[in-house]
Amino acid sequence: MKNKIKPIAAIAFVTVEAILGVIIWVTELNVLPAYLAVVLAALFVALFSERSQAYFLTQVALLFTLAADYYLLVIDDKYEIGMLWFILAQLCYFARIYLSEERKSVRIAHLVSRCGGILLSLLLPFLILGDGVDLLSVVSVVYFVNILLNAIFAFISFKRSPMLALGLLLFVACDIFVALANLGGYIKLGGELYLALKSVGFNRIAWLFYVPSQTLIALSGVMLKEHPRS
């Protein structure tokens with residue numbers, strides 16, 4: 001029965017997310033529709049629960065995302081905690097991508113690059129910011145390295161789950177604009193393009209990518225069978 005209604009539910013889900021995306025843009029990032037878009041993604045996956053690694057890890061990641069956005073968006077405070085929740089979400093996507101990969105060479109490359117990337121991300125803020133480093137800058141770089149690696153390895157296995165790969169790519173694009181919105185507190189930025197985008201609103205632009213990213217990621221956990229061994 002669930003499989004029969006999945007296509008209809010998916011169309012309705014995408015339609016509502018698209019409407020919320022328009023509302024978010026028009027209202028210049030109103031908190032209620034913005035957070036509702038993330039809640040809806042988690043609820044959509046919850047409606048079609050099944051016993052698979054892909055489903056479970058996607059559901060947990062979306063719940064971690066809800067927790068992250070609660071701090072970053074709803075209460076707009078304690079950003080370090082919010083970013084830690086986002087790191088946990090990306091570790092779930094890492095597990096999903098890694099466990100679905102059957103090629104031993106790719107799995108080894110994934111583990112090596114992940115360990116090396118995390119170590120590098122712990123050092124970079126200190127090397128770049130020096131005395132200006134703080135906890136938020138460190139966890140933010142660790143988070144970004146993890147999501148970037150997830151997007152890269154999701155595209156390496158693109159045929160297995162194209163929706164996840166595209167969703168993570170849009171997620172990365174979103175985070176680039178979020179970074180631009182916050183980098184000014186650490187380093188001096190300028191230029192005509194930067195100022196033009198700033199006038200529109202970096203966080204507002206970020207949500208143009210964020211809503212479809214969460215929509216695609218949720219669909220990837222519901223619509224595809226990725227783990228024949230599970």
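A residue counts as buried when its relative accessible area is under 20%, as exposed when that area is over 50%, and as partly exposed in between. The model described here is predicted. With that cut-off, Glu-50 can be placed: its relative accessibility is 19%, so Glu-50 counts as buried.

Glu-50 also takes part in a salt bridge. Its side chain meets that of Lys-6, with 3.5 Å from N to O. Lys-6 lies in helix H1, while Glu-50 sits in the loop between H2 and H3, so this pair ties together parts that are 44 residues apart in sequence. Lys-6 is buried too, because its relative accessible area is 8%, and the limit for buried is under 20%.

How many salt bridges does the model contain? The count comes to 2. The Lys-6 and Glu-50 pair is one of them. Another joins the side chains of Arg-103 and Glu-101, at 2.7 Å from N to O. Here the two partners fall into separate classes of burial: Glu-101 has 6% relative accessibility and so counts as buried, whereas Arg-103, at 40%, counts as partly exposed.

Next comes the nonpolar interior. The largest nonpolar core has 57 residues. Within this core, Phe-44, Leu-168, Phe-171 and Trp-207 touch the most other members. Which helices each supply at least two residues of the core? They are H1 (2–26), H2 (31–47), H3 (53–74), H4 (79–100), H6 (135–156), H7 (162–182) and H9 (202–223). Helix H6 gives the largest share, 11 residues.

Phe-44 is a useful residue to look at in detail. Leaving aside residues up to four places away in sequence, Phe-44 touches Ala-9, Ala-10 and Phe-13, and also Ala-218, Leu-219 and Val-222. By the helix ranges, Phe-44 falls within H2, Ala-9, Ala-10 and Phe-13 fall within H1, and Ala-218, Leu-219 and Val-222 fall within H9.

The last step is a pair of packed helices. Such a pair is described by the angle between the axes and the distance between them. Helix H8, residues 192–200, packs against H9 at an angle of about 80°, and the axes are 6 Å apart. Angles of 65 to 115 degrees count as roughly perpendicular, so H8 is roughly perpendicular to H9. On the H8 side, the contact is made by Tyr-194, Leu-197, Lys-198 and Val-200; on the H9 side, by Phe-202, Arg-204 and Ile-205. Sorted by class, this contact has 5 nonpolar residues, 2 charged residues and no polar ones.

Key:
Residues are numbered from 1 along each chain as its sequence is written. This is a predicted model: local features need pLDDT of at least 70, side-chain atom pairs count only at pLDDT 80 or more; totals for chains, interfaces and linings use all residues. Side-chain values use heavy atoms; hydrogens and water are left out. A nonpolar core is a set of buried Ala, Val, Leu, Ile, Met, Phe, Trp, Tyr and Cys residues joined through side-chain atoms within 4.5 Å. Buried means under 20% relative accessible area, exposed over 50%, partly exposed in between (1.4 Å probe, protein chains only). Helices (H or I, at least four residues) and strands (E, at least two) are DSSP runs, numbered from the N terminus. Contact means heavy atoms within 4.5 Å. A salt bridge is a side-chain nitrogen of Lys or Arg within 4 Å of a carboxyl oxygen of Asp or Glu. Axes are lines fitted to C-alpha atoms, for helices over the stretch in contact, and angles run from 0 to 180 degrees between N-to-C directions. Angles under 35 degrees count as roughly parallel, over 145 as roughly antiparallel, 65 to 115 as roughly perpendicular and the rest as oblique. Ala, Val, Leu, Ile, Met, Phe, Trp, Tyr, Cys and Pro count as nonpolar, Asp, Glu, Lys and Arg as charged, and the others, Gly among them, as polar.
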